[in-house]
Amino acid sequence: MRSLNALDWICIILVFVGAINWGLVGLFSFNLVSAIFGDQTILARIVYFVVALAGIYLIVASGKLGRKE
């Protein structure tokens, strides 16, 4: 199995943060990203975009992560 590199770990952490945020939104109607960066500010939108890119990266890389080299 291929070992995880730094980009893999960063993306895993970002997707984990995104999952926690969605959990807070679903359970308590509390958006942590908006609470920290403001509602629909450019910084909040950048955070959402970076988390989305990390998720897309992990979808693409997930096929490679389980393979033996």
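Visitor: Is L43 buried, partly exposed or exposed?

Guide: Good place to start! Burial is judged by relative accessible area, and partly exposed covers the range between under 20% and over 50%. L43 has 48% relative accessibility, so this residue counts as partly exposed. Keep in mind that we are looking at a predicted model.

Visitor: Where does L43 lie?

Guide: You will find L43 in helix α3. Another residue to locate along with L43 is V33: ten residues separate the two in sequence, and their C-alpha atoms are 9.2 Å apart in space.

Visitor: How many helices and strands are there in the protein?

Guide: The protein has three helices and zero strands. Starting at the N terminus, you meet the elements in the order α-α-α.

Visitor: Where is confidence lowest, and where is it highest?

Guide: Among these elements, helix α3, residues 42–65, has the lowest confidence, with a mean of 92, while helix α1, residues 6–28, has the highest, at 96. Across the protein the average pLDDT is 91, and 90% of the residues score at least 70.

Visitor: Let us turn to helix α1. Is N21 buried or exposed?

Guide: Anything under 20% relative accessible area is called buried. N21, which lies in helix α1, has a relative accessible area of 6%, so N21 is buried.

Visitor: Which residues does N21 touch?

Guide: Leaving aside residues up to four places away in sequence, N21 touches F30, N31, L32, V33 and Y48. You met V33 a moment ago, paired with L43.

Visitor: What share of the residues in the protein is buried?

Guide: Of the 69 residues in the protein, 17% are buried. As for the accessible surface, the total is about 5200 Å², and carbon and sulfur atoms account for 74% of that.

Visitor: How should I read contacts between residues distant in sequence?

Guide: Look at how many positions separate the partners. Taking the contacts in the protein with a separation of 6 or more, 60% join residues 24 or more positions apart.

Visitor: What is the phi of S29?

Guide: First, the general idea: most residues other than glycine have a negative phi. S29 is not a glycine, yet its phi is positive, at about 55 degrees. Look for S29 in the loop between α1 and α2. With a relative accessible area of 70%, S29 is exposed.

Visitor: And what is the phi of Q40?

Guide: Q40 has a positive phi too, near 60 degrees, and is a residue other than glycine. Its place is the loop between α2 and α3.

How values were computed. Residues are numbered from 1 along each chain as its sequence is written. This is a predicted model: local features need pLDDT of at least 70, side-chain atom pairs count only at pLDDT 80 or more; totals for chains, interfaces and linings use all residues. Side-chain values use heavy atoms; hydrogens and water are left out. pLDDT is the predictor's confidence in each residue, from 0 to 100. Helices (H or I, at least four residues) and strands (E, at least two) are DSSP runs, numbered from the N terminus. Buried means under 20% relative accessible area, exposed over 50%, partly exposed in between (1.4 Å probe, protein chains only). Contact means heavy atoms within 4.5 Å. Accessible areas come from the Shrake-Rupley method with a 1.4 Å probe; for residues, only the protein chains shown count as cover.
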